[in-house]
Structures are given as structure tokens and as C-alpha cells.
Amino acid sequence: MHKEEIILLHLIFFELKKMFEEAGFSNDFFSAYDRFDIVPAHIYKYKREHIKAILTLCMGVLEILNKQGEIKKLLEIRPSLKISLRRRGIVESYSTFKCTKKLSTQVKIVNVVVTGKIGKRINLNKIARELKNVRYNPNAFPGLTLSIDDPSAAILIFKSGKIVCTGTKCVEDAKKAVKYAINVIKKIGIDVKLEYIKVQNIVACANLGSELNLKAIALAFLENVEYEPEQFPALFYRLEDSKAVILVFSSGKVVIAGCKTQEDVKRAFENFCDKLSAVGYF
């Protein structure tokens, strides 16, 4: 895999980790990841470091997904937690839709990544000094990270004026977060304005509801499939007519990435479901 694809995969699992932790779930794998001192934005780090981080996050996610019954039970006995999660966008506030073909599986959008430009030269030192919820260490990474609570998002800002917004669950919230960032930067005397904004990636999750034989699927699909269980526990399926990539786990969990609209996500998932049906599933 190319480094860009590995960093994208790192971002997917990073967002899943954040989602689970906001819901109150963590484990030793997530703690180990935090000690690695690496995040998806660290594009200057070696590919092997990102792969190590991905594998650790993957193990943490799988451990939590294997305890779905415990998660459901916890939400039932602690209704206040469910209310808190709903307010924070963790429960029942995802952009969702249902596959209209052979499955009625609900697909949830869990992260939207947008890029844009808000100026030509931005004084990041001034932003770091005068704003809260900011992380800036130019010796480690050239960008400044501004965290926003409502909507929950993280915005990377570079001196060139380019920005990257991640963490929202829909495009509208991403645009709202960028607008908020522009307003707070203006308030400290820095002249910025939105020149453009563009959706780069939408990440969604689904559950097929049954275990899958990934080796059999890889052999049946033949084309546009990568499956190397010794290196990574998921099967990669790439759509021919788009940049969408689908990660499929033997548990039936599915992650869709590389889409730019909700329709792209829906089309990619339905395409995959059709392929599964063609080889005898469902």
C-alpha cells in the first residue's frame, strides 16, 4: 500500500477510537496507541510507524466490538449516558440511511474530512497565544490544531492558509466548524476569509449481521480485492468506477472510505452487497 492509503486507514481507525472513547469505552490497546506519539496528521513519520499505530488501533476496536452486548447493557442501565452521548453526537445523530437492495443494513457516517483555504499567510503563533483549545508545536508538525466542541471537530491550520477539518458526522457540520474557526480567528485581529471548501473524504460504517469468510470472498471476487491476513485482518475491496475503498472484517463489520457524498457511500455499499449476493451471501 502507498503511504497516502496507509495514512487514510490510520485516520479511519483514529476516528473510531475517538468515537468509542467519547462514549466511555477504552482498553489497553488504545492506551498503548496514545503512548506512540503519532496521529494521522503526522505525515512526516515513517510508513512503518503508521502501520504499527493502525494495527494497535485495530486490535482495540475489535476488542470493543466483540463486547457489543456489554455496550448495549451499559446504555440500558445508564440512560443518562445515552442522553449525554446523544448530545455529543455519539448516539442517534449520525447521518444514516438504509441499503435499499438485498439488505436493510443501516450505514452510519462517522467522519467527514474537508479541506479549504482561508488566507495567504496566517500567523499561527498569534492564534496559539490567544485562543484556547489549540495545539501547536512547529518543531514536530507545521500545522496548528484548533479543537471545536459544537460541532465536535478538529481543524488543522497551516501558515499558507490551507485548512483541514475532520471529526464531524456530516458535510453541513464541517462547514459550520470551518465558519466558526474563521470567526474566532477574526476576533483576534487576523484577517481571514473562506476562499473555498471541498469535501475530500467521507467515512462510514455498517454491520452485515453475520460472520464472513474473507478468504472465500477474496477468491470469489478475484478482482479489485486485497486480502493479506498476516499483515492486516480486513479485506480491502476497491470499486472500479470510484475511489471508494471498503474494509471488510470477518465479524461482518464494514468500513467505507474514500467517498465524497452520501450518495457515493450508498452506491459503494450497495455495489459491495450485490457482489456478496452474486457469490452466495444473503
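## Close-up views of a predicted model

**View 1. Strands E8, E9 and E10, seen around Phe-236.** Glu-226 has Phe-236 of E9 as its bridge partner. The model shown here and in the views that follow is predicted. Strand E8 (residues 225-226) runs antiparallel to strand E9 (residues 235-238), and 2 bridges join the two. E9 is also antiparallel to strand E10 (residues 245-248), this time with 4 bridges. Across from Phe-236, in E10, stands Leu-247. Phe-236 is therefore a handy place to centre the view, with Glu-226 as its bridge partner and Leu-247 opposite it in E10. To get from E9 to E10, follow the hairpin, whose connection has 6 residues. A reminder for reading side chains here: in a regular strand they alternate between the two faces of the sheet.

**View 2. An aromatic cluster that includes Phe-13.** Which residues make up this cluster? Phe-13, Phe-232, Phe-236 and Phe-249 form it together, so Phe-236 from the first view turns up again here. For the model, the count of aromatic pairs comes to 10. One of them joins Phe-13 and Phe-232 edge-to-face, with 6.0 Å from centre to centre and 75 degrees between the planes. Because Phe-13 belongs to helix H1 and Phe-232 to the loop between E8 and E9, this pair ties together parts that lie 219 residues apart in sequence. Are Phe-13 and Phe-232 buried or exposed? Both are buried.

**View 3. Phe-13 again, now with Phe-249.** These two rings also form an edge-to-face pair, 6.2 Å centre to centre and with 90 degrees between the planes. Here, too, distant parts of the chain are linked: Phe-13 sits in helix H1, Phe-249 in the loop between E10 and strand E11 (253-259), and 236 residues separate them. Phe-13 and Phe-249 are both buried.

**View 4. The largest cavity, between two domains.** How many cavities of 30 Å³ or more does the structure hold? There is 1, and the space in the largest cavity is about 50 Å³. Its lining consists of Glu-15, Lys-18, Met-19, Glu-22, Val-110, Ser-152, Gly-167 and Lys-169. Helix H1 (residues 3-22) gives the largest share of that lining, 4 residues. Sorted by character, the lining has 4 charged, 2 polar and 2 nonpolar residues. Why does the cavity lie between domain 1 (3-87) and domain 2 (111-200)? Both domains give residues to its lining, so it lies between them.

**View 5. A cis peptide bond before Pro-151.** The peptide bond running from Asp-150 to Pro-151 is cis, and its omega is near 0 degrees. Look for Pro-151 in the loop between strand E4 (144-148) and strand E5 (153-157).

**View 6. Positive phi at Asp-37 and Asn-224.** Asp-37 is not a glycine, yet its phi is positive, about 60 degrees. You will find Asp-37 in the loop between helix H2 (28-34) and helix H3 (47-65). Its relative accessibility is 55%, so Asp-37 counts as exposed. Asn-224 is not a glycine either and has a positive phi of about 60 degrees. Asn-224 is in the loop between helix H8 (214-221) and E8, and with a relative accessible area of 31% it is partly exposed.

How values were computed:
Residues are numbered from 1 along each chain as its sequence is written. This is a predicted model: local features need pLDDT of at least 70, side-chain atom pairs count only at pLDDT 80 or more; totals for chains, interfaces and linings use all residues. Side-chain values use heavy atoms; hydrogens and water are left out. Two strands pair if DSSP finds at least two bridges between them. On a 1 Å grid over the protein atoms alone, a cavity is a set of points where a 1.4 Å probe fits but cannot get out, and a pocket is an open set with protein on both sides within 12 Å along at least five of seven lines; lining residues have an atom within 4 Å of a point. Grid points are joined across faces, edges and corners, and a volume is the space filled by probe spheres set on the points. Ala, Val, Leu, Ile, Met, Phe, Trp, Tyr, Cys and Pro count as nonpolar, Asp, Glu, Lys and Arg as charged, and the others, Gly among them, as polar. Domain bounds come from an automatic or database domain assignment. Rings of Phe, Tyr and Trp (its six-membered ring) pair if their centres lie within 6.5 Å; planes under 30 degrees apart count as stacked, over 60 as edge-to-face and the rest as tilted. Buried means under 20% relative accessible area, exposed over 50%, partly exposed in between (1.4 Å probe, protein chains only).
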